[in-house]
Protein chains: 2
Amino acid sequence: MKALNPVEFIKGLYGIIDGKVHLPESQKENPVLQVLLRRRSVRKFKKEDIPEDVFRVILEAARVAPCAINLQSWVLGIYNQDTWKKTFGRSIPFDAPRAVMVMGDIHRTRGVINEISHYPLVEYTLAVMNASIAAYAMNIAAESCGVASVMLSETGKSGFYDAKYLKKKLNLPDGVFPILTIVFGFPKGKPLAMPPKLPIEEITFSEKYKETDRDTMKEWLNQMIAGYRAWRITDSFQNQVKRYVERAGAAEENLNRLVFYNPEE
Amino acid sequence: MKALNPVEFIKGLYGIIDGKVHLPESQKENPVLQVLLRRRSVRKFKKEDIPEDVFRVILEAARVAPCAINLQSWVLGIYNQDTWKKTFGRSIPFDAPRAVMVMGDIHRTRGVINEISHYPLVEYTLAVMNASIAAYAMNIAAESCGVASVMLSETGKSGFYDAKYLKKKLNLPDGVFPILTIVFGFPKGKPLAMPPKLPIEEITFSEKYKETDRDTMKEWLNQMIAGYRAWRITDSFQNQVKRYVERAGAAEENLNRLVFYNPEE
C-alpha cells in the first residue's frame with residue numbers, strides 16, 4: 001500500500017466529502033433511518049457519566065435482540081471507569097465513562113441443553129453472529145438516546161484480538177469468546193466524516209457472485225488513505241492495517257486455542 | 001430435554017406472557033427504542049411486494065453499518081421470488097417476496113490490501129462480526145418502514161449451516177462465507193409473543209465472569225418448550241434443537257473446509 005501523491009490525496013478527500021447516504025423521499029421523516037444512516041463512531045467523550053436508566057435501556061436492547069434458536073448466546077461484561085481500572089489496571093479506551101465487553105457465550109446453555117454438543121466452528125459462528133447483533137443493538141439504542149459509542153475489536157486489548165488475555169483476566173470458562181468492547185459516553189466536539197463506503201452495486205450481487213470492480217476498490221482505498229491522513233494527524237491507514245497484521249499471528253493462535261479447546265502449551 | 005407436565009406448561013406460558021421489555025420513563029417516546037424493543041421475527045407474509053425505494057434503503061442501512069477497519073467485509077446476494085427460484089429451484093423461505101443472503105467477504109479487500117494475509121480465524125471472526133451487524137441493520141431498517149423480516153441461519157438451506165451447498169450454487173470464491181438469509185415482506189396476521197428472554201442480571205456480569213443461575217435457566221427452558229408447544233402446533237423446541245444437532249456434524253465439516261481453505265476430498 002503506497003502513499004498518495006497530492007492529486008490522489010485531494011481526489012480521495014473529495015470522494016469522502018461527496019459520499020452521501022441515500023434516504024428516499026417516502027422515508028425522509030423516518031427517525032429510525034435517521035439514526036441508522038447518520039450514526040458515527042465516536043472516539044472523544046465528555047467526562048459526564050450516562051444516566052443509569054439510559055445505560056439500562058441500552059442493555060435492554062441487547063437483551064431482546066434477535067438470535068438463532070433464541071439462545072441469547074452472549075454475555076456482557078459491564079464496566080464504569082472504576083471497575084474497568086480495577087479489572088484491567090488502566091482507563092477505559094478513549095476515557096469513556098462506560099464500557100460493555102461483548103462476548104459470545106455458549107457455555108451458559110450447555111448447562112441445560114445437553115443435546116447441543118461440541119461442534120466448535122458451528123458453535124463459534126452462532127456465538128459471534130448472535131453477540132455481534134446484540135452489540136449493534138446497543139450501539140443504535142445508545143445513539144437514539146444521544147449517547148455516542150464506538151465498537152473496538154483490537155484497540156485497548158478489549159476484543160477478539162486479545163481473547164487469551166481476556167479469558168485469563170475475567171476467568172472465562174470454555175465456550176465464552178470475547179468479541180468486542182463498546183465504549184459509551186456523551187460526544188465531545190463534532191464527529192468525523194463518514195469513512196468511504198463502497199456503492200450498493202459493489203457490495204451486492206443478484207443470482208451468482210460478482211467480482212467488485214477493481215477501479216472502484218482502488219478509489220475506495222485512496223479515500224481511506226486520504227481520510228486517515230486528513231483527520232487523524234498522528235495516524236495513517238497504513239499504520240492501522242500494520243497494527244492488525246503485526247498482531248494477527250498471535251491472535252490467530254489464541255483464537256485457535258479458544259475455539260477448539262486446545263489447552264495451553 | 002424432557003416434555004413438560006401440565007403445571008410446568010401453564011407456568012411456562014405465563015412466564016412468556018409476563019415477560020416485558022423495560023423502557024424508562026425518560027425514553028417512553030423514543031421511536032428508535034420502540035422499534036428495537038418491539039421488533040418481532042415474522043414468518044408469515046402477504047403476497048404484496050416491497051416498494052423498490054424501501055428495499056433500497058434497507059440495503060443502504062447495511063452499506064453504512066459500522067465495521068472493523070471500515071473493511072465492509074460482507075457481500076449481499078439480493079433476490080426476488082423469480083431470481084431465488086431460478087437460483088435455488090424453490091421458493092424463498094416462508095414465501096416472502098424478497099430475500100437478502102448475507103455473507104462475510106474478505107475476498108474483495110484482498111485484491112487491494114495485500115498486507116492482510118491469510119489468518120483464517122482472525123479473518124473469519126472479522127467477517128462474521130461485520131456481516132452480522134450489517135444484517136441486523138437491514139432487519140431494523142425494514143421494521144422501521146413497516147416491513148417485517150426474519151433472519152435464517154439453518155432454515156431453507158440459506159445460512160452458514162449450508163455453506164458448502166451455497167458456495168457451489170453461487171460460485172463463491174475462497175474468503176466468502178454464507179452466514180444468514182433475511183427474508184422480507186409485509187406481515188400477515190399478528191406476530192407471535194416474544195420468546196422468553198433471560199433477565200439482564202443473568203446475561204451480564206461486572207468485573208469477573210459469573211455463572212448464570214441454574215433455576216433461572218431451567219425456567220427459561222420450560223418457557224421455550226411451552227412457547228413452541230402453544231404457538232407452533234406442528235413443531236416443538238425439542239425438534240428445533242434436534243434439527244440443529246442432526247446436521248451439526250456435516251455443517252462443522254463444511255465450515256472447516258471453508259474457513260481453513262481445505263479443498264474437497
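Trainee: Why are helix 1 of chain B and helix 9 of chain B called roughly perpendicular?

Mentor: This is a predicted model, so take the values as computed from it. The axes of helix 1 (residues 6-18) and helix 9 (residues 214-231) of chain B cross at roughly 95 degrees. Angles of 65 to 115 degrees count as roughly perpendicular. Helix 1 and helix 9 of chain B are therefore roughly perpendicular to each other. Their axes come within 8 Å.

Trainee: Which residues of helix 1 of chain B meet helix 9 of chain B?

Mentor: Among them are B:F9, B:L13 and B:I16. On the side of helix 9, the contact includes B:I225, B:A226 and B:R229. By class, this contact has six nonpolar, five polar and four charged residues.

Trainee: What makes helix 6 of chain A and helix 2 of chain B roughly antiparallel?

Mentor: Look at the angle. Helix 6 (residues 120-144) of chain A packs on helix 2 (residues 31-38) of chain B at about 155 degrees. Over 145 degrees counts as roughly antiparallel. These two helices are therefore roughly antiparallel to each other. Their axes are 8 Å apart, and the crossing is left-handed.

Trainee: Which residues make that contact between helix 6 of chain A and helix 2 of chain B?

Mentor: Helix 6 of chain A gives A:A137, A:I140, A:A141 and A:S144. Helix 2 of chain B gives B:V32, B:L33 and B:L36. Six of these residues are nonpolar, one is polar and none is charged.

Trainee: What makes strand 1 of chain A and strand 5 of chain B a pair?

Mentor: Pairing needs at least two bridges. Two bridges join strand 1 (residues 74-80) of chain A to strand 5 (residues 204-205) of chain B. They therefore pair. The two strands run parallel. A:G77 stands opposite B:F205.

Trainee: How do you know that the two copies are related as by a two-fold rotation axis?

Mentor: Lay chain B on chain A. That takes a turn of 180 degrees and a shift of 0.0 Å along the axis, with an RMSD of 0.0 Å. The two copies are thus related as by a two-fold rotation axis.

Trainee: Why do we say that the copies meet through the same surface?

Mentor: Compare the interface residues. 100% of those in chain B are also interface residues in chain A, so the copies meet through the same surface. In numbers, 97 residues of chain B are in contact with 97 residues of chain A. Helix 6 of chain B gives the most to its chain's side, with 13 residues. That side has 61 nonpolar, 23 polar and 13 charged residues.

Methods:
Residues numbered from 1 in each chain as written. Chains lettered and ligands numbered in written order. Predicted model: local features only at pLDDT ≥ 70, side-chain atom pairs only at ≥ 80, totals over all residues. Axes fitted to C-alpha atoms, helices over the stretch in contact; angles between N-to-C directions. Helix = DSSP H or I, 4+ residues; strand = E, 2+ residues; numbered from the N terminus. Parallel < 35°, antiparallel > 145°, perpendicular 65-115°, else oblique. Left-handed = near helix turned anticlockwise from the far one by under 90°. Contact = placed C-beta atoms within 7 Å. Nonpolar A, V, L, I, M, F, W, Y, C, P; charged D, E, K, R; others polar. Least-squares fit on C-alpha atoms with pLDDT ≥ 70 in both.
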